[in-house]
Amino acid sequence: ALYLVSMKQNPQPSDCSDANSVCGVRCTEIDLQEANMFSWHSTVHAAADGAGNGGGFGGGSSWTGPRDWSLEEYGPNGRCIDTHKPFQVEVSFLTTSSGGLRSMDVVLSQVGKHCHVSTSVGANYGSLAELSQSLGEGMTPVISYWSSNNML
């Protein structure tokens, strides 16, 4: 996973923090990429919202969240993104005319493919002001590795 957290602004200093309180400390979190070769999710989280607002594909057979594209488009031998090969990731933070966060847009593309997959998250999320403030104050990039037997 590659994500941003408002670790510096957290009133309880910790070596790790996120919106799900994994290490016992909650903070604003922006998941640029939580993925494997079968699934991809990008999510924005207010400090008190572990679920957040996200988009992508996958998450296991019981997942009821977003499915913005299909396994035929993204995955091993995918029509748009073949996860056996390198691909490009573009993440954009779109802003309002006053500089606040409007959405986080993610586009995955691959050389030689004539299609791409994309998602836009946060546009209807009620905590964009909190996320805008955290981005303005500076967020810490974090890379983590985790796994599950049920990632789809």
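In which loop is N77 found? In this predicted model, N77 is placed in the loop between β5 and β6. The residue is exposed, since its relative accessible area is 61% and the cut-off for that class is over 50%. Its backbone has a phi near 65°, a positive value in a residue other than glycine. Most residues other than glycine have a negative phi.

Confidence in the prediction was examined for the protein and for its elements. The mean pLDDT of the protein is 87, and 88% of its residues reach 70 or more. Among the elements, strand β6, which covers residues 81-82, has the highest mean pLDDT, at 98. The lowest mean value, 88, belongs to strand β10, residues 140-143.

The loop between β5 and β6 also holds C80, a cysteine that takes part in a disulfide with C115. The structure holds 1 disulfide, and the sulfur atoms of C80 and C115 are 2.1 Å apart. A disulfide is a covalent bond between the sulfur atoms of two cysteines. The torsion about the S-S bond is -115°, and the link is left-handed. C115 lies in the loop between β8 (101-109) and β9 (117-121), whereas C80 lies in the loop between β5 and β6, so the disulfide ties together parts that are 35 residues apart in sequence. C80 counts as buried because its relative accessibility is 1%, with the limit for burial set at under 20%. Another cysteine, C27, has a relative accessibility of 3% and therefore also counts as buried.

A buried histidine was examined next. H45 lies in strand β3, which spans residues 40-45, and H45 is classed as buried because its relative accessibility is 3%. Polar groups are found at its side chain. The side chain of D31 makes a polar contact with the side chain of H45 at 2.8 Å. In addition, a polar atom of the H45 side chain lies 3.1 Å from the backbone oxygen of D49. The side chain of H45 is thus placed with respect to a side-chain partner in D31 and a backbone atom of D49.

At the surface, M37, F38 and L71 make a nonpolar patch of about 230 Å². Of these residues, L71 lies in the loop between β4 (53-57) and β5 (74-75). L71 counts as partly exposed because its relative accessibility is 36%, a value between the limits of 20% and 50%.

Definitions and conventions. Residues are numbered from 1 along each chain as its sequence is written. This is a predicted model: local features need pLDDT of at least 70, side-chain atom pairs count only at pLDDT 80 or more; totals for chains, interfaces and linings use all residues. Side-chain values use heavy atoms; hydrogens and water are left out. Helices (H or I, at least four residues) and strands (E, at least two) are DSSP runs, numbered from the N terminus. Buried means under 20% relative accessible area, exposed over 50%, partly exposed in between (1.4 Å probe, protein chains only). A polar contact is a pair of N or O atoms within 3.5 Å; within protein, one must be able to donate a hydrogen and the other to accept it, and residues adjacent in sequence count only if both atoms are side-chain atoms. pLDDT is the predictor's confidence in each residue, from 0 to 100. Patches are made of residues with over 30% relative accessible area and no salt bridge: like charges are joined within 9 Å, nonpolar side chains (Val, Leu, Ile, Met, Phe, Trp, Tyr) within 5 Å. Accessible areas come from the Shrake-Rupley method with a 1.4 Å probe; for residues, only the protein chains shown count as cover. A salt bridge is a side-chain nitrogen of Lys or Arg within 4 Å of a carboxyl oxygen of Asp or Glu. A disulfide is a pair of cysteine sulfur atoms within 2.5 Å.
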